[in-house]
Amino acid sequence: MTEQPPTAGARTAEYRIEELAHLSGATVRTIRAYQDRGLLPRPERRGRANVYGDVHLARLRQIADLLDRGYTLASIKELLEAWDAGLDLGGVLGLVAEIDGPWTDEKASRISRADLDTAFGGTSDDASVAEAVELGVLERIPGHDDEYLVPSPRELAVAAELHSAGVPLPAISGHLREVRGQVEHIAARFVDFTTEHLFRPYLDHPPTDTEAAEAAALVRRLRPLAQQTIDAELARAMRTLATRYLRRHLAEAQPGEPGGSRDARSGERAAATAPASGIPRAAQSGTASRPVADPRPATDREPVLLPADTAQAVRDLVGPDNMAAFIAAAADREVRARTMDSLAAPAPGPAPAPRDAPAAERSRSPRR
């Protein structure tokens with residue numbers, strides 16, 4: 001709303017409606033609709049042709065700017081009438097500036113092409129750079145072909161970290177496009193929500209300077225809430241979904257479970273027949289058909305499948321670093337106890353000796 005119409009008497013350009021549409025970005029049909037609504041002054045009639053000037057072009061750009069800011073055509077008409085009447089719109093412009101201001105405390109930075117290539121593996125990839133520019137992750141700097149503006153250094157750092165972990169650049173770009181679409185949907189819902197409950201009284205008419213100042217203060221107050229809400233909900237969702245994902249895959253890896261893979265079943269058979277070199281085989285007894293986890297798989301030991309809740313209980317008790325030793329010791333104690341039980345068990349056949357029999361006879365072990 002900073003563009004003023006040309007002053008009276010100034011020489012202005014003249015446009016046919018098709019030329020005006022091309023310069024303003026509006027369609028011919030839209031221009032005529034604006035005229036019918038009273039948003040655009042009537043053109044000057046020259047014979048059988050309508051002639052438009054810079055006043056019309058400036059007004060079309062004002063309308064487009066206000067539409068981009070979320071105003072309805074009815075509100076725009078009232079604003080433009082107030083503007084034409086010479087009323088002060090400083091408060092409205094202040095509100096607009098507040099909304100247009102940064103919504104994060106992150107500062108943009110610059111990066112050279114050489115440093116950019118280094119951050120992404122040291123290989124120059126013009127196609128990936130062009131895609132990053134298209135996505136707005138990088139911005140070209142006029143007159144500096146070997147340097148880029150980075151609006152969000154954190155976003156670029158995330159991409160570099162994912163790439164160093166092994167994610168291909170096209171996959172990162174595709175993921176960003178998908179995430180951006182979802183985040184824009186969330187942002188739209190937040191705007192609709194705050195408009196319905198907070199800002200509607202300021203937007204159904206041209207606000208006064210006082211109302212605009214109140215709305216600007218609300219924007220400053222609410223600005224961090226959107227990001228805080230998303231941060232908290234993303235952390236909650238990641239914890240819930242990552243845990244659920246892990247449990248599902250562990251369940252699928254359990255032999256005999258519905259959906260368990262053929263490779264997982266054959267893996268258990270191999271573990272069941274391999275020579276014991278780590279945890280004693282007796283520790284496998286009583287394994288239930290439920291989600292399982294290998295407490296501490298190692299190449300020099302026999303992998304043993306344990307119920308996931310048992311593994312978690314041991315991990316909580318002694319910590320992940322002591323799990324293998326604890327389970328091995330517990331299994332060893334169980335083996336020794338069962339061995340002692342088998343040695344002390346009475347032999348089948350004759351009835352046990354009466355209580356008054358010699359102690360040596362009562363405790364005699366059966367021959368094996």
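**A walk through the chain**

Ile186, Ile230, Leu234 and Met238 make up a nonpolar patch on the surface, and together they have about 370 Å² of accessible area. The model described here is predicted. Helix α10, residues 209–253, supplies the largest share of this patch, namely 3 residues. Met238 is one residue of the patch, and Met238 is found in helix α10.

From this patch, step back to the whole chain. The chain has 368 residues, and 27% of them are buried. There are 14 helices and 7 strands in the chain. Taking the contacts in the chain with a separation of 6 or more, 52% are between residues 24 or more positions apart. The surface that the chain exposes comes to about 24,600 Å², and carbon and sulfur atoms supply 55% of that area.

One helix can be followed in detail. Which residues of helix α7 are buried? In this helix, which covers residues 126–135, they are Ser128, Val129, Ala132 and Leu135. Looking down the axis of α7, these buried residues fall within an arc of 125°, so they line one face of the helix. The face turned away from the buried side carries exposed residues: Asp126, Ala127 and Glu134. The buried residues of α7 are covered by several elements, including helix α6 (113–119), strand β5 (144–150) and helix α9 (169–203).

The two ends of α7 can be described as well. At the N-terminal end, Asp125 acts as a cap: one of its side-chain oxygens lies 3.3 Å from the backbone nitrogen of Ala127. After α7 comes Gly136, which has a positive phi, near 85°.

Helix α6, part of the cover over α7, contains Arg113. Is Arg113 buried or exposed? Its relative accessibility is 16%, and because the limit for buried is under 20%, Arg113 counts as buried. Leaving aside residues up to four places away in sequence, Arg113 touches Ser124, Asp125, Asp126, Val129, Asp146 and Tyr148. Among these neighbours, Asp125 is the residue that caps α7, and Val129 is one of the buried residues of α7.

Charged side chains are the next topic. Side chains of opposite charge can pair when their charged atoms come close. In this model the count comes to 11 salt bridges. One of them joins the side chains of Arg154 and Glu106, with 3.6 Å from N to O. This pair links distant parts of the chain, 48 residues apart: Arg154 is in helix α8 (residues 153–164), while Glu106 is in the loop between α5 (90–100) and β3 (109–112). Arg154 is partly exposed, with a relative accessible area of 47%, whereas Glu106 is buried at 17%.

A further salt bridge brings the reader back to α7. Arg177 pairs with Glu131, and their closest N and O atoms are 3.4 Å apart. Since Arg177 lies in helix α9 and Glu131 in helix α7, the pair ties together parts that are 46 residues apart in sequence. Arg177 has 36% relative accessibility and counts as partly exposed. Glu131 is also partly exposed, at 24%. Helix α9 thus appears twice in the account of α7: as part of the cover over its buried residues and as the helix that holds Arg177.

What does a salt bridge inside one helix look like here? Arg189 and Asp192 both lie in helix α9, 3 residues apart, which is about one turn of the helix. Their side chains meet in a salt bridge, with 4.0 Å from N to O. Arg189 counts as partly exposed at 48% relative accessibility, and Asp192 counts as partly exposed at 44%. Elsewhere, salt bridges that share partners join Glu14, Glu44 and Arg46 into one network.

The last stop is Gln62, a residue of helix α3, which covers residues 54–68. Where does Gln62 stand, buried or exposed? With 4% relative accessibility, Gln62 counts as buried. Gln62 and Ile76 are 14 residues apart along the chain, and their C-alpha atoms are separated by 9.1 Å.

How values were computed
Residues numbered from 1 in each chain as written. Predicted model: local features only at pLDDT ≥ 70, side-chain atom pairs only at ≥ 80, totals over all residues. Heavy atoms only, no water. Buried < 20%, exposed > 50% of the residue type's maximum accessible area, 1.4 Å probe, protein only. Helix = DSSP H or I, 4+ residues; strand = E, 2+ residues; numbered from the N terminus. Arc of directions from axis to C-beta. Contact = heavy atoms within 4.5 Å. Polar contact = N/O pair within 3.5 Å; in protein donor to acceptor, adjacent residues only side chain to side chain. Patch = residues over 30% accessible without salt bridge, like charges linked within 9 Å, V, L, I, M, F, W, Y side chains within 5 Å. Areas by Shrake-Rupley, 256 points an atom, 1.4 Å probe, with all protein chains shown as cover.
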